[in-house]
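Me: Please take a close look at one part of this model, the packing of a pair of helices, and then carry the description on to a strand and to the loops with unusual backbone geometry.

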Amino acid sequence: MKNSHHLISVTKRDKGIGKFCIYKILQRGRCELLFLGTAGSCSTDVKENRNLDNVSSKEGGGEGGAQAPSSGSGGGGGGGGGGGGGGGRKRPLEEGSNGHAHGGGRFRSKRRKKTVGPVLPKNALMQLNEIKPGLQYKLHSQTGPVHAPVFVMSVEVNGQLFEGSGPTKKKAKLNAAERALRSFVQFPNASEAHLAMGRTLAVNTDFTSDQADFPDALFNGFETPAPPEEAFYLGANANGSPPSPGDYPVPVTPCSATLAQPVLPVATFTTSTSGKNPVMILNELRPGLKYEFVSESGESHAKSFVMAVTVDAQAFQGSGRNKKLAKARAAQAALSGLFNMQLDQTPSRQPIPREGLQLHLPQVLADAVCRLIVDKFSELTDNFTSPHARRKVLAGVVMTTGTDVKEAQVICVATGTKCINGEYMSDRGLALNDCHAEIVARRSLIRFLYTQLELLLSSSREEQQSSVFTRCEKHGYRLKDNVQFHLYISTSPCGDARIFSPHEAGVEDQGDRHPNRKARGQLRTKIESGEGTIPVRTSSTIQTWDGVLQGERLLTMSCSDKIARWNVVGVQGSLMSYFMGPVYLSSIILGSLYHADHLSRAMYQRIADMEPLPQPFTLNRPLLSGISNAEARQPGKAPNFSVNWTVGDASLEVINATTGKDDLGRPSRLCKHALYARWLRLHSKLCGSLRIKGPRPGSYHEAKQAALDYHSAKQALFKAFHKAGLGAWVKKPSEQDQFSSNP
């Protein structure tokens with residue numbers, strides 16, 4: 001022991017000498033020096049180390065005193081002697097020679113300690129067996145088809161019979177054990193109760209705290225059979241971590257009415273699904289379901305199959321690129337509709353619900369809107385065989401008038417990705433400046449609104465009632481209750497929404513990692529006669545008519561910026577503001593490249609700090625969602641044409657995106673001049689109920705400028721962009737609006 005203390009004193013005294021020791025733990029708390037190395041040690045150190053090595057060998061008992069030195073001691077002593085005689089440096093322990101220059105000892109490999117894993121909580125079956133050993137479980141019955149049987153197991157505890165059902169006998173036994181435990185086990189706290197049930201809390205609740213800052217539902221569930229108010233949470237995230245509370249609610253299946261047992265506590269805890277897909281989960285809840293093939297649609301490179309399943313007398317459909325995926329989507333729709341169960345999703349792929357009235361489940365609505373638009377486009381292009389079916393981006397608007405998505409109606413469909421060439425601009429409003437699909441779809445929606453207003457002028461009472469508008473108490477018109485418009489775009493709109501999300505959100509994508517970078521939210525303009533966007537200049541850019549005609553590049557604001565503008569001033573435009581208040585989109589649904597963070601920022605988050613708007617304008621926050629089966633990337637070069645169709649049209653209209661007119665040079669039915677002509681007719685016939693009073697305007701420009709509240713809201717939007725340092729809105733040359741009703 002004295003020499004042992006001497007070792008400690010030498011180590012403390014010679015702090016400048018780097019030393020490392022390896023000890024082998026022997027029985028009864030003794031240790032044996034395996035190896036000691038030094039850097040730049042002197043001969044005195046070596047002698048002391050050799051002596052200490054001998055002492056440790058003697059203390060090891062008979063096995064270390066007379067026999068050959070062990071691998072550790074021999075390596076330390078032999079290596080030390082060689083180092084002292086040759087230059088004061090020890091040789092490291094070498095594999096095979098045990099650190100001896102002449103191979104003097106026996107090599108002994110080190111044993112790795114076994115890592116002790118976490119103690120897993122016992123399930124209900126194990127807990128019940130510890131309390132009441134020797135219980136006998138009996139098979140009570142077996143029902144259901146061969147591929148989806150339902151077993152009922154029973155167990156008798158304290159003279160009372162408990163039954164449990166499940167897809168396997170093991171799960172049925174576990175269910176019966178849980179019922180038995182709930183009947184008589186009194187747990188000191190809810191934490192032990194959950195552990196007994198084989199579950200763990202998803203929140204770290206401090207039960208020792210003096211403050212009652214944890215939910216009472218943790219305890220009440222074991223005391224009184226209260227109905228569940230909250231819900232279970234399903235599974236772990238794709239990265240293996242449990243989902244955060246409030247993410248994916250799953251209801252508790254009610255117990256049998258004959259047993260009248262209290263339900264499980266309704267706390268936010270997780271239940272592992274072991275990677276089960278929606279079909280398996282739904283089959284456990286409702287065994288014996290049959291899936292039916294409904295339809296097959298889509299282009300050759302992007303097929304879409306639809307499968308349906310009927311659960312509790314309700315039919316649910318799902319679509320996918322194959323029947324297996326469509327079947328899973330149908331099961332997911334049933335889980336969402338009946339059990340409010342959402343499977344794990346990457347945060348960037350989760351829908352963002354809209355503010356206000358919620359009439360539809362987000363994912364069910366998104367998939368239905370997408371399917372309606374694609375099917376209508378297929379119908380209009382002869383099942384995509386028409387040469388005009390070629391496209392990069394498809395957009396459209398769907399209208400719903402209630403909670404049933406099946407009653408939704410396609411209002412318009414459009415394609416296109418390019419803008420007009422500056423030399424083809426029209427000063428009479430006869431050319432379309434922007435032929436991007438979502439912009440054309442919005443103009444088609446305005447055309448539909450004009451048609452609905454014209455129905456109010458009909459002499460037929462039936463046609464008047466078929467309009468989506470109703471008369472306001474004072475002046476103007478408004479949409480009927482529950483009428484909503486949903487914009488679908490096959491990919492993220494160009495500009496801020498797309499520039500930072502060039503790929504689909506992956507499992508590892510946890511959202512925007514750099515939300516505060518200067519480039520986020522910047523206003524951007526489209527490239528003339530091409531694709532892509534560039535940031536606006538920091539100073540105000542003024543475009544002149546003669547400058548553009550002489551070759552200056554025509555700038556058009558990106559689709560992301562225009563949709564953000566619609567979320568402030570509405571999609572109806574300034575002219576329609578004479579007849580009605582703002583009409584806002586209820587949802588924006590993307591067929592691909594949906595990233596929740598980027599899309600929400602581009603649509604409304606970047607302009608949230610806005611000055612008060614004139615009534616009834618507000619900052620609209622629509623539902624944002626992707627679809628279950630993201631659309632495949634459209635290969636090939638973008639076509640140079642744009643097509644549009646509005647409900648009531650016999651066929652598609654094809655527009656040359658470079659000229660803004662059709663191939664024969666005729667103006668589009670969506671051009672400014674055509675819509676202005678319809679506005680003039682309505683203005684003269686509905687002059688008694690206009691929201692904006694005044695003389696008949698002499699030009700298109702005068703008519704727009706008279707909508708004062710609309711322009712006040714628009715100026716507030718521009719100020720919000722400027723205040724946030726996102727750039728200045730670029731306007732078209734004012735000469736293009738200086739036309740009258742006569743061409």
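Reply: A helix axis is here a line fitted to the C-alpha atoms over the stretch in contact, and the angle between two axes runs from 0 to 180 degrees between their N-to-C directions. The model is a predicted one. On that footing, the axes of α16 (residues 559-569) and α21 (residues 708-723) come within 9 Å and cross at roughly 130°. Angles over 145 degrees would count as roughly antiparallel and those from 65 to 115 as roughly perpendicular; α16 and α21 are therefore oblique to each other. Their crossing is right-handed. On the α16 side, the contact is made by Ala564, Arg565, Val568 and Val569, and α21 contributes Tyr710, Ala713, Lys714, Leu717, Phe718 and Phe721. By class, the residues of this contact comprise 8 nonpolar and 2 charged, with no polar ones.

The strand to consider next is β21, which spans residues 587-590. Ser587 and Ile589 point one way from β21, whereas Ile588 and Leu590 point the other way. All four of these residues are buried. β21 pairs with β17 in the parallel sense, over 4 bridges, and leucine 487 has isoleucine 588 of β21 as its bridge partner. The pairing of β21 with β22 is also parallel and has 4 bridges; there, serine 587 has leucine 623 of β22 as its bridge partner.

β17 and β22 each lead to a loop with a backbone feature of its own. The loop between β16 (477-479) and β17 (484-489) holds asparagine 482. Although asparagine 482 is not a glycine, its phi is positive, at about 70°. With a relative accessible area of 36%, asparagine 482 is partly exposed, because that class lies between the buried limit of 20% and the exposed limit of 50%. Proline 616 belongs to the loop between α18 (596-603) and β22 (623-626). The peptide bond that runs from glutamine 615 to proline 616 is cis, with omega near 5°.

A further positive phi is found in the loop between β11 (304-311) and β12 (314-320), where aspartate 312 has its place. Phi of aspartate 312, a residue other than glycine, is near 50°. Aspartate 312 counts as partly exposed, at 44% relative accessibility.

Conventions:
Residues numbered from 1 in each chain as written. Predicted model: local features only at pLDDT ≥ 70, side-chain atom pairs only at ≥ 80, totals over all residues. Heavy atoms only, no water. Helix = DSSP H or I, 4+ residues; strand = E, 2+ residues; numbered from the N terminus. Buried < 20%, exposed > 50% of the residue type's maximum accessible area, 1.4 Å probe, protein only. Parallel < 35°, antiparallel > 145°, perpendicular 65-115°, else oblique. Left-handed = near helix turned anticlockwise from the far one by under 90°. Contact = heavy atoms within 4.5 Å. Nonpolar A, V, L, I, M, F, W, Y, C, P; charged D, E, K, R; others polar. Pairing = 2+ DSSP bridges.
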